[in-house]
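Q: I have a structure in front of me and would like to learn how to read its features. Where do I begin?

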Amino acid sequence: MFKKQKIITFADNLNELRDMGKKMRKLKKQRLHSEGTDTLLFGLFIIVAIAVLLWRCFDTKIPFWCFVSVMGVVYGILLNFFRCPIRYFDEDYIEKIVVAPADGKVVVVEEVQEDQYFHEPRLMISIFMSLFNVHANWFPVDGRVKSVHHQNGNYHKAWLPKASEENEHADVLIETTDGHTVLVRQIAGAMARRIVTYAKEGEECYIDEHLGFIKFGSRVDVYLPADSRPCVRVGQSTTGDQTVIARMR
């Protein structure tokens, strides 16, 4: 009887592991983006060097503590900025769900004419990332990457309408499991001069997986089928890989 009970328990655990495996997503496990390593190390070196000079060169310690306090806040913002948190979307049914590709604020929810890839009306949802947001980007849907294209351009302020087409950007076309094609556009802003895209043409992609990273203030646009139902409004804050921004028909 005891051995039989152990076998049942093991089988139950095995089934749980299999179920968990089905829900797992292919992840790029990055807690701190490699693009930020040099910046953070160099910044820390400079801060420590100046702090040592202030400590030794002044009789009063007020300049030292003022500098340390201010730079401590600045360095904390940089640490937050360069984080690449690993998140898990909680809902089980995700086939027609579109999640936010970035932390930030919704600046556009409207139907537009998209003539570069689709040549038809599309629902566009744009999320602006400020300096205080995590700048890691996530895949908004499960599917397969059809193409990846980088376009050089200007560096207008990312929240301006013309930034979507005129600014430097990277386009990722994704074909979902039910046949929809979704465009995700990473857009450089006035301060952002570096777009990193992990997506590779022909690879499968999943919600919970990092799509890329953009340095400093920037924006991500998502172009969906026109009959998709938006689930966010302009001015609403989003959390990447957590907030449902739309549901496709």
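**Salt bridges and a small set of strands**

A: Begin with the charged side chains; in this predicted model, the count of salt bridges comes to 6.

Q: What lets two side chains pair in this way?

A: Side chains of opposite charge can pair when their charged atoms come close. Here, aspartate 171 and arginine 185 form a salt bridge, at 2.6 Å from N to O. Aspartate 171 lies in strand 6 and arginine 185 in strand 7, 14 residues apart.

Q: Are aspartate 171 and arginine 185 buried or exposed?

A: Buried means under 20% relative accessible area. Aspartate 171 has 1%, so it counts as buried. Arginine 185 has 2%, so it is buried as well.

Q: Which residue forms a salt bridge with lysine 96?

A: Aspartate 178 does, with 3.0 Å from N to O. This pair links distant parts of the chain, 82 residues apart: aspartate 178 is in the loop between strands 6 and 7, and lysine 96 is in the loop between helix 3 and strand 1. Aspartate 178 is partly exposed at 29%, and lysine 96 is partly exposed at 26%.

Q: How do strands of a sheet pair?

A: They pair through backbone hydrogen bonds, either parallel or antiparallel. One open sheet here has 3 strands in the order 1-14-12, with antiparallel pairing. Strands 1 and 12 each have a single partner strand, so one side of each has no neighbour in the sheet.

Q: Which residue in strand 14 is the bridge partner of valine 98?

A: The partner is alanine 246. Strands 1 and 14 pair over 3 bridges.

Notes:
Residues are numbered from 1 along each chain as its sequence is written. This is a predicted model: local features need pLDDT of at least 70, side-chain atom pairs count only at pLDDT 80 or more; totals for chains, interfaces and linings use all residues. Side-chain values use heavy atoms; hydrogens and water are left out. Two strands pair if DSSP finds at least two bridges between them. Helices (H or I, at least four residues) and strands (E, at least two) are DSSP runs, numbered from the N terminus. A salt bridge is a side-chain nitrogen of Lys or Arg within 4 Å of a carboxyl oxygen of Asp or Glu. Buried means under 20% relative accessible area, exposed over 50%, partly exposed in between (1.4 Å probe, protein chains only).
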